[in-house]
Amino acid sequence: MLQAEVEETIKRIQSQKGVQGIIIVNAEGIPIKSTLDNSSTVQYAGNVHQLLMKARGVVRDIDPQNDLTFLRVRSKKNEIMIAPGKEITDLD
Amino acid sequence: MEIVYVYTKKRSEFGRQCNFSDRPAELHVDILPDTSLAANFTVRDPCNVTVQCAKEMSEHEVNTERFESESRGVNHVEGGWPKDLNPEDMEATIRYRKKVEKDEHYQNTIMQIAGLMEHCCKQNNTTDIYQEFFEDEDEEVMEESEEQPSAKTINVFRSRYNRSCDCYAYLLVKQCMTTLLFNPLSAYWDTRKGSQPVEMSTIEHSHRDPVYKVIWLQSKTGTDIFSASTDGQVLWWDIRKMSEPTERLILDPSKKGNLDNALGAVSLEFETTMPTKFMVGTEQGLVVSCNRKAKTPAEKIVCTYSGHHGPIYALQRNPLFPKNFLTVADWTARIWSEDIKESSIMWTKYHMAHLLDGCWSPVRPSVFFTVKMDGTLDVWDILFKQNDPTLSLKVCDEALYSIRVQDNGRFLGCSSQLGTTTLMEISAGLCTLQKNEKALVSEMFERETKREKILEARHREMRLKERSRSEQSREDEGKEADGEESAAELVARAEREFFDIMEAEKKKEEKERDTVKDVLLLE
């Protein structure tokens, strides 16, 4: 059930004006879903992961109660928007 | 002394078992002390002994083997697939992905993030938050901001020869190069052929004094040069035949071709757009304008411009206004107009040091550069300031003898007495043509020329009036004792007046110094 919703959401975002592509990456850095070609996907996945970790570290360093909600990387040609998922802590 | 104790054993007894037995001690050697030896020693009193009531410790040094570490970046090409999965295997990866997608946690997270993402996308689409304002107006703002004029040194070349050199080398465009050293011969070098002169002129036909300037002429053959020297001659040569000059001109202001009367030439000026005219700057401070095409030597010298007190080291026409030229001599630099022969139209104040060379900027008609004996380089912009140089830089401690500007007006080289050449870059404001600059400069030159013309006319009027008045008075009074003072008396009177003025100035200065001292004491 939820899966259909997920698909629909992704499609909706993709159809927004100006969106070039979507990549969903899991915690291990594996791109789960992508609308771009494989090589670009892998490039983005690898680089963004490291950047995200760093940014998150910065935010939490300054205020441990704080957390990163969104990251926008603006470049001359386009903009990369990164939304980090919540971190899971295994209590078991 | 050898102490020896001998054991003997029979051969037949070798190998027999040992029978141990007790025996009392036997004294074998007894060495008694020899008191005479004590004479070789002295008693030491006191003895120094160090004693410590602490734990004895020892120190050891250990160096482990060096561990080489290196920082490297890693480029991930593939994600972190689980161990058992082969990333090459397409099916396995797809299966794994599908599995992840089914995970509930994954789905919840995606829903959350997607909401955020959509919000930002819509934000982007509504307004361009990265819009550049004031993009078109940038240019105007830039023009108004006044850049401080500056020049910075890029490179300094030191010459092997410890004498002043004319820095033609860097800024030369032609392949061949004629150089004149302080010897009367003119030699011509070809930079392609090496460092020895290709041809030299013969002594009989050359100048008699050092040659101060050589210029290439514009001609069909491209092989004509002309040279000027302090012996008063200007010689034309064809470099293919250096044994004799093709033409000769003697700088005699009385136009008689008399070599003894001739003025020594120190600089030459030739503009390729006006091939028949050229100008010579002399040792005596006159600028002589000549016509090359005249039939008789007398007609060759067209006119002279006077006004300087010393040899004219630099003479150059303004590249954009050829009717005006710049001369650098003694302690001033002057700008002249060709039409006004009595005096220059504009001049700088008298400096503390001699000015030794100068040139116009090839891009801006209102900018020129001068170098002084105290090692300063002055940049003048007559549209900006006429009394002082716009920029004054101390390049080195010794005198700067020569300056040349590159054709784009951005780089200039100046060389000093010790043979050091400094290459400098000037700020953009000084080498880009401003709007209206040409019009303003031409206006300025015209205005000054008009002023000089009016002054000249006035002087002429006054002189005529004086002459007519003096003629009248001479008729009236008839013979009169020598009213005019002789030259010697004039000189004596001038000296007296000069020293009087000096004394007055000195007294004034002393008075001022005293008042300053009083003020300081009071404080």
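Is Glu456(B) buried or exposed, and at what relative accessibility? At 15% relative accessibility, Glu456(B) counts as buried, because buried means under 20%. The views below come from a predicted model.

**View 1. A salt bridge along helix α6 of chain B joins Glu456(B) and Arg460(B).** The closest N and O atoms of this pair are 3.2 Å apart. Both residues lie in helix α6, which covers residues 437-477 of chain B. They are four residues apart, about one turn of the helix. Glu456(B) is the buried partner, at 15% relative accessibility. Arg460(B) is partly exposed, at 47%.

**View 2. Glu452(B) pairs with Arg451(B) in a salt bridge.** Here the closest N and O atoms are 3.4 Å apart. Glu452(B) is buried, with a relative accessible area of 6%. Arg451(B) counts as partly exposed at 33%. Over all chains, a search of the whole structure finds 28 salt bridges.

**View 3. A salt bridge crosses from chain B to chain A.** Glu118(B) sits in helix α2 of chain B, and Arg12(A) sits in helix α1 of chain A. Their side chains meet at 2.6 Å, N to O. Side chains of opposite charge can pair when their charged atoms come close. Glu118(B) is buried, at 9% relative accessibility. Arg12(A) is partly exposed, at 38%. The count of salt bridges between chain A and chain B is two.

**View 4. The interface of chain A and chain B brings together 32 residues of chain A and 34 residues of chain B.** The two chains bury about 3,000 Å² between them. Carbon and sulfur atoms account for 61% of that area. Ile30(A), Ile32(A) and Arg72(A) supply 19% of the area that chain A buries against chain B. No other three residues supply more. Seven residue pairs are in polar contact across the interface, with both residues at pLDDT 80 or more.

**View 5. Helices and strands of chain A build the side that touches chain B.** At least two residues each come from α1 (2-15), β2 (31-34), α2 (38-62), β3 (71-74) and β4 (79-82). Helix α1(A) gives the largest share, eight residues. By residue type, this side of chain A divides into 14 nonpolar, eight polar and 10 charged residues.

**View 6. The largest nonpolar core holds 23 residues and includes members from chain A and chain B.** Seven residues touch the most other members. From chain A these are Ile22(A), Ile24(A), Phe70(A) and Met81(A). From chain B they are Tyr96(B), Tyr106(B) and Met117(B). The elements that give two or more residues to this core are α1 of chain A, and α1 and α2 (104-126) of chain B. The most come from α2(B), with seven residues.

**View 7. Met117(B) reaches across to chain A.** Leaving aside neighbours within four places in sequence, Met117(B) is in contact with Ile13(A), Phe70(A), Met81(A) and Ala83(A). Of these partners, Phe70(A) and Met81(A) are also among the core residues that touch the most other members.

**View 8. Ile382(B) lies in a loop of chain B and is in contact with residues far along the sequence.** The loop runs between β19 (376-381) and β20 (391-394). Ile382(B) is buried, with a relative accessible area of 5%. Not counting residues up to four places away in sequence, Ile382(B) touches Ile335(B), Met346(B), Ser366(B), Phe368(B), Met444(B) and Phe445(B). Val441(B) is 59 residues away along the chain, yet its C-alpha atom is separated from that of Ile382(B) by 8.1 Å.

**View 9. Asp330(B) has a positive phi in a residue other than glycine.** The value is near 30°. Asp330(B) is placed in the loop between β14 (324-329) and β15 (332-337) of chain B. This residue counts as buried, at 3% relative accessibility.

**View 10. A cis peptide bond joins Asp45(B) and Pro46(B).** Omega is about 5°. Pro46(B) lies in the segment before α1 (90-102) of chain B.

Terms used. Residues are numbered from 1 along each chain as its sequence is written. Chains are lettered from A and ligands numbered from 1 in the order in which they are written. This is a predicted model: local features need pLDDT of at least 70, side-chain atom pairs count only at pLDDT 80 or more; totals for chains, interfaces and linings use all residues. Side-chain values use heavy atoms; hydrogens and water are left out. Contact means heavy atoms within 4.5 Å. Buried area is the accessible area (1.4 Å probe) that two parts lose on being put together, summed over both. A salt bridge is a side-chain nitrogen of Lys or Arg within 4 Å of a carboxyl oxygen of Asp or Glu. A polar contact is a pair of N or O atoms within 3.5 Å; within protein, one must be able to donate a hydrogen and the other to accept it, and residues adjacent in sequence count only if both atoms are side-chain atoms. Ala, Val, Leu, Ile, Met, Phe, Trp, Tyr, Cys and Pro count as nonpolar, Asp, Glu, Lys and Arg as charged, and the others, Gly among them, as polar. Buried means under 20% relative accessible area, exposed over 50%, partly exposed in between (1.4 Å probe, protein chains only). A nonpolar core is a set of buried Ala, Val, Leu, Ile, Met, Phe, Trp, Tyr and Cys residues joined through side-chain atoms within 4.5 Å.
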